Amino acid sequence: MEYHHASEMNGVFAEHLNIESKQNGLCKEEKETVDESKLSCIEKAYTTVLSELGEDVEREGLLRTPLRAAKAMQFLTKGYKETTQDILNDAIFDENHEEMVIVKDIDLFSLCEHHLVPFFGKAHIAYLPNKKVVGLSKLARVVEIYSRRLQVQERLTKQIASAISEALEPAGVAVVIEASHMCMVMRGVQKMNASTVTSVMLGSFQDDPKSRKEFLALTLRK
């Protein structure tokens, strides 16, 4: 009985350490995106905003909020300091493959540039290789780079497609994004179930209806 109890406790303890490790890892990633030279100015701006909203910035719950918000905003816009060349150049390989490559259901989170509130959803990417392939995780990284900026969904979709096309020079690129916008849910028309779908088709996906149909059938089916 005591042995089983100890085993269970060790399991709980190990799980706790695992969760704590993940949390520490996230904090480390956020720290890496902090630009100390600009942090103070952003913090002061958030202090002004809170004050003008009628809040007491000296109360306990808000004492460090401007600093936290400043760090969070730098993390949420870290894509401005990243380029596709940095992540793709060492991950493009010569390969005699010409069939469609699809990575679907890539989670994305971005900030609407009109209201600075989130929109989030899924990105689906396909390309038709032209003797070159790219590491699959790098497609998700391209989504991350452009979504971690102030965006509109239409431009985000085009930027992802163009970046992949320029880097790989494939026969075609297709990108579809499905997203929910908090500017339509939390404010304005307040439509909880509204979603927005945007697409960009380049090369064969634009010129060949069969390729386009195959991509859409494989990515948008439920």
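User: By class, which residues line the largest pocket, and how many of each?
Analyst: The lining of the largest pocket has five charged residues (Asp, Glu, Lys, Arg), three nonpolar (Ala, Val, Leu, Ile, Met, Phe, Trp, Tyr, Cys, Pro) and three polar (the others, Gly among them). This is a predicted model, where local features need pLDDT of at least 70 and side-chain atom pairs pLDDT 80 or more, while totals for chains, interfaces and linings use all residues. Numbering runs from 1 along each chain as its sequence is written, and side-chain values use heavy atoms, without hydrogens and water.

User: Names? Which residues line the largest pocket?
Analyst: T33, D35, K38, I42, M73, Q74, T77, K78, Y80, K81 and E82.

User: Which elements give two or more residues to that lining?
Analyst: α2 (36–52) and α3 (65–76) do; helices are DSSP runs of H or I, at least four residues, numbered from the N terminus.

User: At what angle do α2 and α3 pack?
Analyst: About 120 degrees, with the axes of α2 and α3 8 Å apart. That makes α2 oblique to α3 (not under 35, over 145 or 65 to 115 degrees). Axes are lines fitted to C-alpha atoms over the stretch in contact, and angles run from 0 to 180 degrees between N-to-C directions.

User: Which residues of α2 and α3 meet?
Analyst: K38, L39, I42, E43, Y46, T47 and L50 in α2 meet T65, P66, L67, A69, A70, K71, M73 and Q74 in α3, contact being heavy atoms within 4.5 Å. The residues of this contact of α2 with α3 are nine nonpolar, three polar and three charged.

User: Changing topic: how do α5 and α6 pack?
Analyst: Helix α5 (residues 136–147) and helix α6 (residues 153–168) have axes 10 Å apart and an angle of about 135 degrees. α5 is therefore oblique to α6.

User: What meets what between α5 and α6?
Analyst: On the α5 side, L139, V142, V143, Y146 and S147 meet L156, Q159, I160, A163 and I164 of α6. The contact of α5 with α6 has eight nonpolar and two polar residues, and no charged residues.

Key:
On a 1 Å grid over the protein atoms alone, a cavity is a set of points where a 1.4 Å probe fits but cannot get out, and a pocket is an open set with protein on both sides within 12 Å along at least five of seven lines; lining residues have an atom within 4 Å of a point.
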